[in-house]
Amino acid sequence: EDGEEATTKRGDAPHVIQKVNTFKRVGALRDREAVLQPRLSRNHKPGVPEICVAGRTNAGKSSLVNHLLGKKHMAPTSSKQGYTQCIDLYHINDSFILGDMPGYHFGSTVGKMTQRWDKEWKPLIYEYLNSSPVKAVILVCDVRWVPTQEDIDIAEALRLCNVPTLLVMSKDDRLQNQTKNDIAHLDSGHHDHRERPSDSSSVSYSRSWLSARIRSKLRWPDNLPHLHYSIKNRRCR
């Protein structure tokens, strides 16, 4: 709920989370007007720096937010596409704002969601990036998925806005459960000098090949790192 506060206990979460002492939900931006009228849509003092989490729907954005905050259900999660329908804002340690953005890319069978993305959520996100004090972005991509045009557009928009961005590849644990050959052949347009992963390939090799595919599609600069993250074992590499 808006205004909910919580305190994490030391020792019950990884070291990244232990640095989060207090957090509070301080707003939900539902349209461009809400971005442009912060006094009406935000419950915190102005000028607080912001870090936001962006990515395709069901890529694991809200799960990552919950992990960072050390609370399972602070950011709502669902297997249903389009569950996050606004930019949820959380005030962390009274020092910065963490924003959880709506996801993008809904399959051809989800026409209404695609229309809402085009008419509502996309303008909202672009206005937020341009008008709010966003200092950094965490861009979440499911390591198994081929980047879509929306992924490419968002990555390019972040470069144009000159916003420092950390690329996080999620669902790392799923590589052990899904057929590696099927994942690799989802995209016939990826040109890698290495052999495509097969069912006999190691997880580490498949991870390396798939991450190279994402970086290539997004035109990710060679000098910028990326991280692999798994909500299942709460590990990041």
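Helices here are DSSP runs of H or I with at least four residues, strands are E runs of at least two, and both are numbered from the N terminus. With that in hand, welcome to a tour of a predicted model.

**Figure 1. The whole chain, with its eight helices and nine strands.** Before the close-ups, here is the overall setting. The protein chain has 237 residues, and buried residues make up 47% of them. About 12,300 Å² of the chain is exposed, with carbon and sulfur atoms supplying 49% of that area. Take the contacts between residues at least 6 apart in sequence: 67% of them join residues at least 24 apart.

**Figure 2. Helix α4 and the glycine that follows.** Helix α4 covers residues 61–69, and seven of its nine residues are buried, so the rest of the structure largely encloses this helix. The buried set is K61, S62, L64, V65, N66, H67 and L69. Just past the helix, G70 adopts a positive phi of about 75°.

**Figure 3. Two nonpolar cores.** The largest nonpolar core holds 34 residues, and Y128, L129, L139 and L218 have the most contacts inside it. A second core lies apart from that one and has 13 residues, including V53, V65, L69 and I138. Two of these names may be familiar from the previous view, since V65 and L69 are among the buried residues of α4.

**Figure 4. The surroundings of Y128.** Which residues does Y128 contact, once its neighbours within four places in sequence are set aside? The partners are L29, V35, R42, E50, C52, I87, L89, G99, M101 and V134. Y128 is also one of the residues with the most contacts inside the largest nonpolar core.

**Figure 5. E127, a buried glutamate in helix α5.** Helix α5 runs over residues 111–131 and includes E127. Is E127 buried or exposed? With a relative accessibility of 15%, E127 counts as buried, because the cut-off for buried is under 20%. Its side chain makes a polar contact with the side chain of R32, at 2.7 Å. Not counting residues up to four places away in sequence, E127 touches R32, V35, L36 and S132.

**Figure 6. Strand β3 and its two parallel partners.** Strand β3 spans residues 50–55; five of these six residues are buried, so the strand is largely enclosed by the rest of the structure. Four bridges link β3 in parallel to strand β5, residues 96–100, where L98 stands opposite I51. Strand β6, residues 134–142, also runs parallel to β3, and six bridges join the two. Here E50 has V134 as its bridge partner. Both E50 and V134 are also among the contacts of Y128.

**Figure 7. Strand β2 paired with β4, seen around F23.** Strand β2, residues 22–29, is mostly covered, with six of its eight residues buried. Its pairing with strand β4, residues 87–92, is antiparallel and extends over six bridges. F23 belongs to β2 and stands opposite I92 in β4. At a relative accessibility of 2%, F23 counts as buried. Although F23 and I97 are 74 residues apart along the chain, their C-alpha atoms are separated by 9.2 Å.

**Figure 8. Two loop residues with positive phi.** Most residues other than glycine have a negative phi, so the two shown here deserve a look. N93 sits in the loop between β4 and β5 and has a positive phi of about 55° although it is not a glycine. Its relative accessible area of 25% makes N93 partly exposed. K171 lies in the loop between β7 (165–170) and α7 (180–184), and its phi is positive, near 60°. At 14% relative accessibility, K171 counts as buried.

**Figure 9. Helices α6 and α8, each checked against its expected span.** How far apart should the ends of α6 be? At 1.5 Å a residue, the twelve residues of this helix (residues 149–160) should span 16 Å, and the end C-alpha atoms are indeed 16 Å apart. D151, I152, I154, A155, A157 and L158 are buried in α6, and N162, which follows the helix, has a positive phi near 60°. Helix α8 has 16 residues (203–218); the expected span is 22 Å, which agrees with the 22 Å between its end C-alpha atoms. Its buried residues include W209, L210, I214 and L218, and R213 and R215 are buried in α8 too. Just after α8, R219 takes a positive phi of about 55°.

Conventions: Residues are numbered from 1 along each chain as its sequence is written. This is a predicted model: local features need pLDDT of at least 70, side-chain atom pairs count only at pLDDT 80 or more; totals for chains, interfaces and linings use all residues. Side-chain values use heavy atoms; hydrogens and water are left out. The expected span of a helix is 1.5 Å times one less than its number of residues. Buried means under 20% relative accessible area, exposed over 50%, partly exposed in between (1.4 Å probe, protein chains only). Contact means heavy atoms within 4.5 Å. Accessible areas come from the Shrake-Rupley method with a 1.4 Å probe; for residues, only the protein chains shown count as cover. A nonpolar core is a set of buried Ala, Val, Leu, Ile, Met, Phe, Trp, Tyr and Cys residues joined through side-chain atoms within 4.5 Å. A polar contact is a pair of N or O atoms within 3.5 Å; within protein, one must be able to donate a hydrogen and the other to accept it, and residues adjacent in sequence count only if both atoms are side-chain atoms. Two strands pair if DSSP finds at least two bridges between them.
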